[in-house]
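The exercises below ask you to trace strands and a core, one step at a time. Keep the sequence and the model open beside the text as you work through each solution.

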Amino acid sequence: MNATSIPLNRKLFSATYDGQNKVYIYGGALNASAIFPDFYVLDLNTNQFSALPNPGVPRYSHTSSLISNGQIVVIGGVALVTNNGTTDSILAPMNQIYVFDTKTNQWDLKTATGESGILPSTRTAHSAVVTDDDKIIIFGGDNGANQRNKMYLNAISILNTKTWTWSSPKVDGIPPSRRSYASSAILDGKHLTVAFGEASNSYYNDVNVFNIESSSWLQSFTPSKSSSGSDASTGMIVGVTIACVVILVIILFLLWKFQSYIRWFVKRIHNDIWKPRTGEPVWAETARIIFQIFLLFIFTAFLAFVIRQAINSPNVTQTIQEAAAQVQVPDVRFCFDGYPKYTSTDPKAPGISCQTDNGYSCTQYIRELNMNVFQPVYADNLGDVNCYLFRAPTDFSLTSTSGANNGSRLLFTFYGDQAINYGRIHASVYPKQMNPNTVIYGINDTLTNLMSEAQVLNWQVNERNDIQATNVYDIKPFTYSALAYDLINHAYLQDVGWNYVGFLPITNSTPEIRSYFRQEAPNPNYASTHSDLGVMAIFPNAYVVTVEREVKMYTLVNAIGFVGGIFGLLIALQACLFGYRPRSPWGVVHRWSIGDMKRSLLRGLQSKFKITDSGIPLVHPVHHRFSVTDLRGLELDEPETQRINRVEERMQMLEMLFKAYYVDDEVFRSLDDASKVENEKNNINIMRGHNIPAPSKTGAGRLGGYPPAATITQNEKNVDEAISSNSSVMSPPSGKSNGYPHSFTRQDTSESTSSNFPLTGGRVQHAPPYQPNTTFQMNDY
């Protein structure tokens, strides 16, 4: 190995580090014709280059990879070959692999084969990485043609350096864009990382991850932590098993401890579900329950569908417009492209003046932007770029009517060197609170900018790459242009769960602008009659306040109507097939109450509805003879009065229960009030016509009421006798108050306490009490 001079300058060469402070450099090119075949090593300890034997093949844009045995494997690239005395550049064949042994400093040519006889495409400017098992993975590259005919690759191919066999695995996932000059590396032994690169005029700044084991491109990547092997797996299995046993023991203990409560719960469930009617066969009730379960399944499936539809609902935009007398003006940036910057006193210097259609000057709202801070890039490269920003205060607005106002449109006049007819003026319009120029150029005023840092940076990238296309227009010199705009307050839905409900949505209000542009053709004689470059008019498209509001197409509130309708249809279908069953006035809260809640309910019933020997309607039989099957030897003789008292007691309790839980007695009470008023009028008229004093209200209880028929007859007789004897005072019968019976006591007020006492007096002989242990029951169990 002889020390030589430093290699010539070059590009597109390969440099391979061997891990022992040596770097091997092969090939490269100075231009398309000057291609180098030489091979050097750089000793990092002495910083000396040394020439090594070269393979004799000039090459560039290839890859050189070091494998574990100290060999450098050269793949692909553009090679310079001579055939029949003609030298030409070709893509290096993928079946001819040059290998340099760093231990013996010898070159060797390996012949590679492909699985099923298929070799990967020849390529240049690709990337190559080495795996732990000495496999070389190559990615991307191009065909080395000129720019017009160049084609790019994004395929993965793998070279097994032990068998010198190529394979092209089937790859899943979304591959990266086709590219050349990408950077690739294996960082954790399992994933290939590909970043950056270029294709034609596109330059990529993305990072892509390829899973080598599964041969798939990943859409998300989470580094996995190293495990301790089978010991960790065994420990995990043992831990899970012990946890399951402990949980099972706890469950069994809880079942044993609370078995009485569990039995009570099961019994309550059974009573709520199994409700056969008297005389109905078992198969009818069974069919009803099975059908009810089927309908419940249908309802649950529909409910899940509606909820899923609400969760996956797309957003729709509602446009709301309200007429407005005034409309604010947007910010407008004008960039002169191709017009040199002269001194401010030179008439050829770029500049802008502004006025409205009624003559109001707005030039004071135009400021020059510092291009040393940031300069937009335009792909036409016409020359110097100088930008100006029109930014009026918030109280400056346009109106649709003439008068003492600012006017209805802005008129901008452009000035510059009229000798330049190839230049352009680029106009961009922005909402005031979404203008990135105020952030970039440090324009501080009272208006807050709502753009995030990421949005501003993204805008800068688009400006540098000249791909900004929204609300950007090019103005030719010597033309008239018109731009109409709509300022929009766009309420975007936030990604929060509340917005799935359907009312009072949570939104982010973002000012936006929508513009419409028209430009006349350039006037060739414009410069002879004008000293400017052209005029542009900017005005509102409509004098309205526009709000675009995002809403969910389907929400949970909308789903309530669908769910309620389906539920009603299913209930109606069940009632049609199995008959209607009245619901209990008690709901789930009453039926499933426990502890003090349940006891308070029972105490309330017991205090308001006293139970007598006559029993409870619909629960106890009217007479105990209806609760036995053998009537022999049973004393059935009882007084008529006792039977009537028993029926009256049961009827009274039945009325009270119905009034409290089943019916609304408003109409009945109204009828009672009407009867009392009419009865009082009739009595007063009779007494006035015959000079009979009105009875005292205090002696008759509450006014009005219908007395028993016998009493009414007696009262009418007394009145007739008083009239026939021409008596001025009617004597009340014995035991009566003022000749009238007491009225009924209404039981519709909280003051009524009649229900707090037994329904019969102690002197009445009651029927024998109900016997619960007889052979016949009145319930339906």
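**Exercise 1.** Find the bridge partner of Val73 in β11, and then place the two strands in their sheet.

Solution. Begin at Val73, whose bridge partner in β11 is Val99; strands here are DSSP runs of E with at least two residues, numbered from the N terminus. The strands concerned are β8 (residues 71-75) and β11 (residues 96-101), which run antiparallel and are joined by four bridges; two strands count as paired if DSSP finds at least two bridges between them. Next, widen the view to the open sheet of four strands, in which the order is β7-β8-β11-β12 and the pairing is antiparallel. Its edge strands, β7 (63-66) and β12 (106-111), each pair on one side only.

The model is a predicted one, in which local features need pLDDT of at least 70, side-chain atom pairs count only at pLDDT 80 or more, and totals for chains, interfaces and linings use all residues. Residues are numbered from 1 along each chain as its sequence is written, and side-chain values use heavy atoms, with hydrogens and water left out.

**Exercise 2.** Follow the chain from β11 into β12, and state how many bridges join them.

Solution. The two strands run antiparallel and six bridges join them, one pair of partners being Asp101 and Gln106 in β12. Then look at the four residues between the strands of this hairpin, where Asn105 takes a positive phi near 55°.

**Exercise 3.** Determine in which sense β34 and β37 pair, parallel or antiparallel, and compare this with the pairing of β24 and β37.

Solution. First, β34 and β37 pair in the parallel sense over four bridges, and Ile488 has Thr546 in β37 as its bridge partner. By contrast, β24 (residues 315-323) and β37 (residues 544-552) run antiparallel and are joined by nine bridges, with Asn315 partnered by Lys552.

**Exercise 4.** Identify which residues touch the most other members of the largest nonpolar core.

Solution. A nonpolar core is a set of buried Ala, Val, Leu, Ile, Met, Phe, Trp, Tyr and Cys residues joined through side-chain atoms within 4.5 Å, where buried means under 20% relative accessible area with a 1.4 Å probe, protein chains only. Among the 34 residues of this core, the answer is Phe334, Phe390, Leu410, Phe412 and Phe414. Strands that each supply at least two residues of the core include β26 (331-337), β31 (410-415) and β36 (534-540). A second, separate core has 16 residues, including Met371, Ile440, Met451 and Val456.

Terms used:
Buried means under 20% relative accessible area, exposed over 50%, partly exposed in between (1.4 Å probe, protein chains only).
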